[in-house]
Amino acid sequence: MQGVWTPDQIRAAERSVFVRTPEPVVMRRAAFAVAAHGARLLAETTGATAGRHVTLLVGAGNNGGDALWAGAELRRRGAGVTAILLTPDKTHPAGLAALRRAGGRIVRAEGPGADTAGIGAAATDAVQRADLVIDGIVGLSARGSLRPVAAELVARVEVPIVAIDLPSGVDPITGAADGPAVHAEVTVTFGGRKPCHVLGAGAVLSGSVVVADIGLGDDLPEPDLHVLDPADVGAGWPVPRPSDDKYSQGVVGVAAGSATYPGAAMLAAGSAVQATSGMVRYAGPAADVVRSRWPEVVATGSVADAGRVQSWAVGPGIGTGASGREVLRHVLESGRPVCADADSITLFAEDPTLWDARDPDAAVVLTPHAGEFARLAGEVGPDRVAAAREVARRDDVVLLLKGNTTVIAAPDGRVLVNPSQHAWPATAGSGDVLTGLIGALLATGMDPWLACGFAAHAHSLAAELAALGGDEAGAPIGASALLAALPTAIRTLRAT
């Protein structure tokens, strides 16, 4: 698992390091890492570092200082370097001196020959000549979008950008970008990932995130968030052992769909079939249709007749009337872990007394999208992690908040984040597939928090594989294509 630390946690660790190591030494380590990855990107895109031109966008404080020190290092590697100072009076003095000693060029963003946007002629020339741009505009203390002059300079960049710590204009805590922001090819961050690298728009705008070691080591506390690696998911995915049979691998009950709308039933039940090698019991009015599509499913007409299960996946398409309410009440009383989605969430929002039917020893997973979350607890707001944590704690549930970045909060405050660079699962029925996946993993006895993380990761990968189909361009898919790609996604993860 990868850790994700808040800016405050990182700053506290840095203060401990500065007791042992002078701050300028640590800054030079950080700058060297930026320069190394900048040189690598130059080599990949232009074939060389020497003879190429690098432009630095330099703001105030240490972030700008890191950019200047990195520029000095790139100058020593033979690149031409120009620093555009956005706040000349607040430029890091030691970094500025280092770049000057290395032979770098210094210009002001707003200078002689300014155009209608207020950008000086020298700054315009530096952006136009650049083979690579380094973003040192703002650091982890900043809030809000880029200011007009910085935004205009960034808008004119047509070459790859290496961001220092975060893409400027992205909120470091929420990952939101409410206005102009840098879109980096690579973000070099120090000590550990920050929330902005895995949440909201920041998960995309950060590009490839590289964590540089600057000596924080044991000074870092427990991470605020976690991100699963593909290898984590592949190694932990349940597969049959020699001693297993269909019962020992977990039996999941699926209560979904209706006679009129059987699609939810087929998708949720099919997903459970594809997820593990145990047994799937379907209970509901779409039994005949489910049986015809998935003959391995043991299908009955009602939850009362379903037989013994180790978990329940309930909600998609069950309706929000009296019959849906009774289905939800029955599975809550079963004493088994429950993944409740779609209509189940609406039922909880409309009738909180349904919680009274819950067995206090059985885990409940809720999987709302933003609209369903609003029915439970009001609008999500910009801080999706805080919102998910609060509902998970309040209702003693594992809360999986759907979105391009999936946030999974446990009642004890643990949070898993599943960032995605694509939106292929944004299609009707995709959530039904996720519900079946989670239900099947719960039946194996997996920690519900991890089960949600594993399911979200495999679900996202399956959507990507289905959409791309071996072609980089990709094409929109339906939930059926996502479902069909699940075995390939699981095989891919297990081979990682």
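The following exchange concerns a predicted model and the reasons behind the terms applied to its fold and to helix H16.

Me: What makes the protein as compact as a globular protein of its length?
Reply: The secondary structure comes to 18 helices and 18 strands. The radius of gyration is 26 Å, and the globule rule gives 23 Å for 496 residues; the two values are close, so the protein is as compact as a globular protein of that length. Along the principal axes, the C-alpha atoms fill a box of roughly 80 × 50 × 45 Å.

Me: How many of the contacts with a separation of 6 or more join residues 24 or more positions apart?
Reply: Such pairs account for 71% of those contacts, where contact means heavy atoms within 4.5 Å.

Me: Why is H16 called largely enclosed by the rest of the structure?
Reply: A residue is buried when its relative accessible area is under 20%. In H16, 16 of the 21 residues are buried, so the helix is largely enclosed. For the protein, buried residues make up 54% of the 496.

Me: How do you know what span is expected of H16?
Reply: The expected span is 1.5 Å times one less than the number of residues. For the 21 residues of H16, 448-468, this gives 30 Å, and the helix reaches 30 Å from its first C-alpha to its last.

Me: What makes Asp447 a cap of H16, and which end does Asp447 cap?
Reply: A side-chain oxygen of Asp447 lies 2.9 Å from the backbone nitrogen of Trp449, and a polar contact requires N or O atoms within 3.5 Å. Asp447 therefore caps the N-terminal end. After H16 comes Gly469, with a positive phi near 55 degrees.

Note on methods: Residues are numbered from 1 along each chain as its sequence is written. This is a predicted model: local features need pLDDT of at least 70, side-chain atom pairs count only at pLDDT 80 or more; totals for chains, interfaces and linings use all residues. Side-chain values use heavy atoms; hydrogens and water are left out. Helices (H or I, at least four residues) and strands (E, at least two) are DSSP runs, numbered from the N terminus. Buried means under 20% relative accessible area, exposed over 50%, partly exposed in between (1.4 Å probe, protein chains only). A polar contact is a pair of N or O atoms within 3.5 Å; within protein, one must be able to donate a hydrogen and the other to accept it, and residues adjacent in sequence count only if both atoms are side-chain atoms. The radius of gyration is taken over C-alpha atoms; the globule rule is 2.2 Å times the number of residues to the power 0.38.
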